[in-house]
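Colleague: Got a minute to go through this one with me? I'd like to start with the charged side chains and then move on to the fold.

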Amino acid sequence: MDRDLVEIATLAIEVPVRSNAWSELCDQISSRLVAAAFMVIEFDIANKSAPIFHNSRSMQTPKALKLIETVRSGGGEEDHPGYETVAASAPGQVMGESEFFGFQPGENPGPNSFRDAVLNATGGKARTAMRLNDVGPWLDAAISHDTVPSFAASPAFVRDGWWLLPILSKAIDASRFISSLVERYTTLLSLFDRLAFAAAFCDLDGKIITENATMRHISSERDGFWRHGAQINAAFSEDQKSLNEAMSAAGRFDAAPESMTFTISKRSDGLPYVVKVLPLSDVQVHRQRVILLVILDPDAPGQISAEGLASFGVLSSAELDVCDRLILGMTTREISEARNTAYETTRSQIKSASLKLGIQTQLDLLRLAMITKPPLDVGHVTKHPPIG
């Protein structure tokens, strides 16, 4: 088998996951074609720009990089008719400049200062292009800067186009797909870090697989939780027992919802953390079942509120206010004093709200508040700002 083909195919497999492999791939093809430069691009026909531009190292000089940026941002208008012609051709059709600019090989093509600048930057004398994609409102193209001053297609490119087509079309498709996944994953992690509450994906033994910034901060404080490597632990033995039981139950998918929400005490005697363990059905990472651990700190402003309870439309404004204070850990006596109402009035409001919401305990209220309005960090200053 042709050694060049094997090396090029191997590099094409690597390009989606290895950032510098594209330059190596373009270098290998450039050498194979005896070209001054080689590139694989995505050209947006509608916006006349090139969001994807992979090229050989000969195009990594300051002069060439400036021209590449011009093409990326929609400049180089003199070349746009050529891109449109290549986009209208069949995949695999190898075309010289006389074809994609529409003149006869012996004709004078007329002035094209951008073409001259591009070829001058790489030492090329002419260009050959081939369309790679068969679907899509854009053009995927492979382009060589040839060392022979001819407006006809490069003979070497014509010779090798048949096997370069499937290799390069699959490489740019895979690269685009992986880039899209990475972008979405990065966005997801960014949103994950904006959660005002602590959240972590764990295995059933409580080992953290990934976590957000608030979880890292809470565990670093060692007030109610601490970390030993990837293992999350509660500060007190009774709380550790509750955590272990919830983790184990989540793995079985048969636990009652109330066993999945509990409190964990703080060493500082502040309001206890509210903990919720969520089983993730049919989700596996490294062949292990995954659960989501959520920890809310009632002492942190905005972590938990009764705001979401209003969506039920059954509570009066006074009952909502009382529920909000209960969530903050206030006693009935403290609520009545803070609201300047009689103790019995406050008791009656709590009882009325409990009946309307179908709850029995303060933990039930916390659980319902968490369900109806997850706390998100939307940019305000909190007691526990994200770190890292």
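Colleague: Is Arg-347 buried, partly exposed or exposed?

Modeller: In this predicted model, Arg-347 counts as partly exposed, because its relative accessibility is 46% and the buried class stops under 20% while exposed starts over 50%.

Colleague: And which residue does the Arg-347 side chain meet in a salt bridge?

Modeller: Glu-344, with an N to O distance of 3.9 Å. Both sit in helix H12, residues 343–357, three residues apart, so about one helical turn separates them. In general, an α-helix has 3.6 residues a turn, so residues three or four places apart point the same way.

Colleague: How many salt bridges does the structure hold?

Modeller: There are 18 salt bridges. Some of them share partners, and that joins Asp-79, Glu-97, Arg-115, Asp-116 and Arg-127 into one network.

Colleague: Take Arg-115 and Asp-116 from that network. What's the N to O distance there?

Modeller: Their side chains meet at 3.4 Å, N to O. Arg-115 has a relative accessible area of 13%, so it is buried. Asp-116 comes out at 43%, which means partly exposed.

Colleague: What about Asp-297, which side chain does that one meet?

Modeller: Lys-266, in a salt bridge of 2.6 Å, N to O. Asp-297 lies in the loop between strand S12 (288–296) and helix H10 (317–327), and Lys-266 lies in the loop between strand S10 (261–264) and strand S11 (273–285), so the pair ties together parts that are 31 residues apart in sequence.

Colleague: Are those two buried or exposed?

Modeller: Asp-297 and Lys-266 are both buried.

Colleague: Switching to the fold. In what order do the strands of the five-stranded sheet come?

Modeller: The order is S2-S1-S5-S4-S3, in an open sheet with antiparallel pairing. S2 and strand S3 (94–96) are the edge strands, each pairing on one side only. From one strand to the next, the twist averages 25°.

Colleague: Start at the S2 edge. How many bridges join S1 to S2?

Modeller: Five, with strand S1 (residues 35–44) running antiparallel to S2. One of the pairs is Asp-44 with Ser-49 in S2. The hairpin has four residues between the strands, and Lys-48 takes a positive phi there, near 55°.

Colleague: S2 is an edge strand, so how many of its residues are buried?

Modeller: Six of the seven residues of S2 (residues 49–55), so the strand is mostly covered.

Colleague: And the S3 edge, how many bridges are there to S4?

Modeller: Three bridges join S3 to strand S4 (residues 126–131), and that pair runs antiparallel too. Gly-96 stands opposite Thr-128 in S4.

Colleague: Which helix lies across S1, S4 and S5?

Modeller: That's H6, residues 113–122, which runs at about 100° to S4. Strand S5 covers 138–146.

Colleague: Last topic, H2. What should its 13 residues span, and how far apart are the end C-alpha atoms?

Modeller: At 1.5 Å a residue, H2 (residues 21–33) should span 18 Å, and its end C-alpha atoms are 18 Å apart, so the two agree.

Colleague: Which of the H2 residues are buried?

Modeller: Ala-21, Trp-22, Ser-23, Leu-25, Cys-26, Ile-29, Ser-30, Arg-32 and Leu-33.

Colleague: What follows H2?

Modeller: Val-34 does, and its phi is positive, near 55°.

Notes. Residues numbered from 1 in each chain as written. Predicted model: local features only at pLDDT ≥ 70, side-chain atom pairs only at ≥ 80, totals over all residues. Heavy atoms only, no water. Helix = DSSP H or I, 4+ residues; strand = E, 2+ residues; numbered from the N terminus. Expected span 1.5 Å × (residues − 1). Buried < 20%, exposed > 50% of the residue type's maximum accessible area, 1.4 Å probe, protein only. Pairing = 2+ DSSP bridges. Axes fitted to C-alpha atoms, helices over the stretch in contact; angles between N-to-C directions. Contact = heavy atoms within 4.5 Å. Salt bridge = Lys/Arg side-chain N within 4 Å of Asp/Glu carboxyl O.
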